[in-house]
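Visitor: Could you pick one part of this model and walk me through it closely? I'd like to see how it is divided, and then how it fits in with what surrounds it.

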Amino acid sequence: MRRLSWFELSARNRIAALLDARSFEEFIGPEEVVTSPHLLQFDLPVAFDDGIVVGRGRLDGKLVLVAAQEGRFMGGSIGEVHGAKLVGILRAARALAAAGRTQACLLLLDTGGVRLQEANAGETAAAEAVRAVLDARTAGASVVALLGGRAGCFGGGSLIAACCSHIVMSEHARLGVSGPEVIETYKGAEEFDSQDRALAWRTLGGMTRRLLGSADALVDDTAAAFRQAAIAQLQRPRPLEMARLQAEHARLRERIRRFGDCRDGAEIVRRVLEPAAVYGLDNWSAQDTERLIAKLPESAHDAR
Amino acid sequence: MSSRDARLARAAPFSQGKVVAAADVTALLEAVLTPGDRVCVEGDNQKQADYLARALARCSSEKVHDLHMVQSGIVLPEHLDVFDRGIAARLDCSYSAPQGARIARMLRARHIQLGSLHTYLELFARYFIDLTPDVALIAAVSADSNGNLYTGPNTEDTPTIVEAVACKGGVVIAQVNEIVPQVPRVDIPGDRVHFVTRTQQPFYVEPLFTRDPAGITETQILMAMLAIKGIYAPYGVRRLNHGIGFDTAAIELLLPTYADALGLKGSICTHWALNPHPTLIPAIEAGWVKQIHCFGSEVGMEDYVAARPQIFFTGVGGTLRSNRALCQTAGLYACDLFIGSTLQMDLQGNSSTVTRTRIAGFGGAPNMGSDPRGRRHFSEAWLKAGAESRPAQSTALPRGRKLVVQIVESFGESMEPTFVERLAAVEIAEELGLPIPPVMIYGDDVTHVITENGIANLLLCRSPEEREQAIRGVAGYTEVGRQRDRRAFQQLRERGVVRLPEDLDIDPLDADRTMLAAGSIRDLVRGSGGLYRPPARFRNY
Amino acid sequence: MTHAEIAVGLFGKTHKVSVDADGIVRGTGSLRSGREVNIVGIANAQPLGIEAALAIAQETLDIMRRGPGTAILVLVDSGSQLMSRREELLGLNEALGHLIKVLRAAASSGHPTVGLLYGSSTGGALIATGLATSWLAALPRAQPSVMQLQAMARVVKLSLDKLERLAADTPVFAPGIANFASMGAIHAVWDADSDLGIQLEQVLATRVNGDDERARLGAERGGRTKAATIIDRIVGEAQRG
Amino acid sequence: MQTLHFSYRAASRLPGKRAQALVGVVASNDLEVLLQRTPKATDCVVTVSTAVHGYDAVWKAVLADFVERRAPGGLRISINDGGARPDVVALRLAQGVRLMGDDA
């Protein structure tokens, strides 16, 4: 039997495979049928959980709060109910951190961003969510983003991820504000050919994000690997303090200074690091990535 | 002066030796061609002589008109533009799926005089009898200045076309990706090639046989389990061909897992007439496959194939040597099973990929999916199928049967039922005045129908009524399925004519994606040791 | 109103607010009460890219370094996030995230952060600027949006007509300040014809950096009837046992 | 959206201890099925919410077969349909019943 692939698992099954067996307790579960009040007017079906599962469970024996987006329901998009469940779990993370009960919150993001049919509610919820992430961190919580789903992590979701204390990605994950299709729609295929999926992943994919230091860990596409990485990341708390913000600022400035004229992940690897490297081809291995990470000061830092 | 000499003389101003500048190709074609010529533009469901197709479409219709196109594929827009522009008038072809909607419109508007829709092998056969082209426009990877051609892994139709044209006084014009001092291997000898032109872009090849395992559904896995346990195992199918589709891809990916657990390794699926399907990589790597002969190649599989010469047919230099005509023949005569999908099937098992708005042609499926009555060698699978088709008390001579399996979901895209009372192909034929409806596989060739509901064994049916009820019996919740006679269904089930998953001890709930030997393109790449290089459109990493 | 008119409206002619060629707003001014207010922001409907986000963040960090507790007014007239392959490759989400963090850190360390949306702002740019402040005001002609209806019609596969009809009945998806106010995203719409300085003074007199009240406002205003209850329930359930 | 209601008398109460289960996702060619216990031992009520109109007869046939084969007595089943074909509907229903039979 093949191992369970994170990419393929549903949100519910990702949580089940991530946490200690049978430890998960869902808040506002599907049986309560708290669904989107807005989709009906678009003649669209609702989901009993509005495409997000939130609750608490145990990871390696320790209490954690969890939210998992279902990338297959409307692209994991953030609507009013969906967004409120996410904000709720983040505010709970702040409360539990302040009370000293747990410092751990896991966000299994899998989203195209704000749900257009309830755009204003989704946009506002995304803004509430980023603030809630930061407030939870200020209270001492680690908020770990786990990315490797079908929908990627785009739009408001990408800003939520950027505010997290730790980011774990698989090579199937994509992280960016505007996706290739959106950029192509507004700026044309010359700017971003969305059909060229290899280019999409060289630009937004897990491997490139890891090399640039946009992610803290690149893991295999299995629930076991995500679990291990989440446990490891939780051991490196990153309180949101002034010095860290200043270090992040310097880090992002340095990235622009070094790579600001690049437009493709392959260019960064080829031109700046290894002229002969054929980044993004299929014989590029995890070892190659590790070798590059070791060479790239950008990729190892604590400035997030 | 022979007709060829006259053509070559007219073309001389546009070439230096055999080499023609790309910009001069249209002028050369105008010089070589005469009105009414039979012309083959090479192209099938994979490779395309695309530059030459465009060059032909740019010809002046004053100079070049009323051509009779005799070619495997109507695939590129230019293949139909020549009809719109008055360059060509008549058409005999085989495969037209990518232009299916436009060709249907043009036939309705009588913009094309259609001869016949053929199978590949059938059209090749006619190249040697009554449809020999006067001029062939072909594609190869490289040429030397003498016209020797290297076709790379995508040899496909080229040798057949060239044989027919060059040996019967015609002219062969090749587009090549490069001109080199010495070609790596001679796929086509230079004395059969009259002109070569180097193009800026390599000739186009469609990755038609790549199925992303991520797209395989639980239903397709269930059907694959039914195929393996319900057909491959009992008949001991060693020599076979798979069609394109997610269902057959699922079978390929279940060989090293599910079929292995059933203890079938070595006793099924050892010898293939098949393109290098990426989804067969896990089975090959697990030692299931003895050898594979290919119609064509598959984009991204070149290095993998070259590294597995013990499995694939390769030439000097190590790359794949494919040959469509020979592989079609192999599929027809030397395989015991064909399995493929279709869009519509009627109650006698006739099937078609034609819809009201699309005419897809045939390609090779009707050859693969028919019982060759000229076959005389025997195998266990062939004899068993033959025996099942004869009534118990029959005094007829013993004969074998090829297993022709249709694997379909009872509903297709947009909830269109697969099972229908009357094929759209029949209506189209009436409307266009075609003498025979474009049926892909005739019902009397079909031996089994697999759906998510079970298997209908048509070999065991003894009357048209039984066939109908057996097909209804696996037609699920389609209108046709819901109208089945419950009593007849029970009787067929008791006789093993219809077998449901539970009759084969298969629990549909076991049909799980974790059973697939690879769940993604990435897994296939890994399984190939990095040798498989999928086209960008299939990547998600 | 232009950024210059707004600066004058807030501080009179003695303000030191300027906009550079990239549309980055910087400066200070004194309210009538004598209270010093720092200004940052983005003008001229510029799309928000990495450099712009870092520039605004830099300015904010400088304000924080200069001394605690001063008010920060974020002026917003932007496009959407800058859409390009280069921006995405270099981590636009991190740059916008950084800006959000810096603005929140300013609030957490005692700088009241107030946003004033006076032009357009779309999508990620809006989340990283106006919506990243503790208290967001808008002028009547401001145009917040996630996506223009025309583009939205294409994506959700409905006619523009149908979308416009739907928009008449619900504030939940169409652009506009009334809709965003009804979500609770915009705390108040200021009167452009009366003294902006006084209106800002009034806001600064409240506890600007309190808890996030937007969901509660959305419920009170009827734009988001479910969000606040859901958030409260989850916070409650998580604290049980 | 169209809402369909069906009620059946099943041969027996579905065994198992789980109070509820959710299988599937509302996505194209898929659906979600929420199964919940009710006090009525052999009643099975099903509510289907679908944006794909005109397949009432197919739903009826699929559900009738399901009730006959799986005896899902004492269940309330709620379905949000994203346009699933009958084979997927039948599969999800069967998966749901299997989950309800789990001891966990």
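Guide: Let's start with what "domain" means here: the bounds come from an automatic or database domain assignment. And keep in mind that this is a predicted model. With that said, chain B splits into domain 1, covering 15-198, and domain 2, covering 213-508. Taken over C-alpha atoms, the centres of these two domains of chain B are 32 Å apart. They do meet, though: domain 1 of chain B puts 31 residues into the contact, and domain 2 of chain B puts in 30. On the domain 1 side, β4 (88-95), α5 (100-108), α6 (120-127) and α7 (158-166) of chain B each bring at least two residues. The largest share there belongs to α5(B), with six residues. As for chemistry, that side of domain 1 of chain B is made up of 14 nonpolar, eleven polar and six charged residues.

Now step outside chain B. It has a contact with chain A, where 15 residues of chain B meet 17 residues of chain A. The chain A side of that contact comes out as six nonpolar, five polar and six charged. Chain B doesn't touch chain C, and the nearest C-alpha atoms of the two are 15 Å apart.

Chain A, on the other hand, does meet chain C, and among the four pairs of chains in contact, A and C share the most contacts. That contact draws 76 residues from chain A and 64 from chain C. Helix α4(C) gives the most to the chain C side, 13 residues. Sorted by type, the chain C side holds 36 nonpolar, 16 polar and twelve charged residues.

Since chain A is the one touching both, here's a quick look inside it. Seven of its strands make an open, mixed sheet, in the order β1-β2-β3-β4-β5-β6-β7. β1 (25-27) and β7 (217-219) of chain A sit at the edges with a single partner strand each, so each has one side without a neighbour in the sheet. From one strand to the next, the twist averages 25°. At the β1(A) edge, three bridges link this strand to β2 (52-59) of chain A, and the two run antiparallel. One residue to find there is A:Phe27, whose bridge partner in β2(A) is A:Val54. Helix α1 (11-18) of chain A packs on the sheet and touches β2, β3 (62-69) and β4 (104-108) of chain A. The direction of α1(A) makes about 160° with that of β3(A).

Notes: Residues are numbered from 1 along each chain as its sequence is written. Chains are lettered from A and ligands numbered from 1 in the order in which they are written. This is a predicted model: local features need pLDDT of at least 70, side-chain atom pairs count only at pLDDT 80 or more; totals for chains, interfaces and linings use all residues. Two residues are in contact if their C-beta atoms, placed from the backbone, lie within 7 Å. Ala, Val, Leu, Ile, Met, Phe, Trp, Tyr, Cys and Pro count as nonpolar, Asp, Glu, Lys and Arg as charged, and the others, Gly among them, as polar. Helices (H or I, at least four residues) and strands (E, at least two) are DSSP runs, numbered from the N terminus. Two strands pair if DSSP finds at least two bridges between them. Axes are lines fitted to C-alpha atoms, for helices over the stretch in contact, and angles run from 0 to 180 degrees between N-to-C directions.
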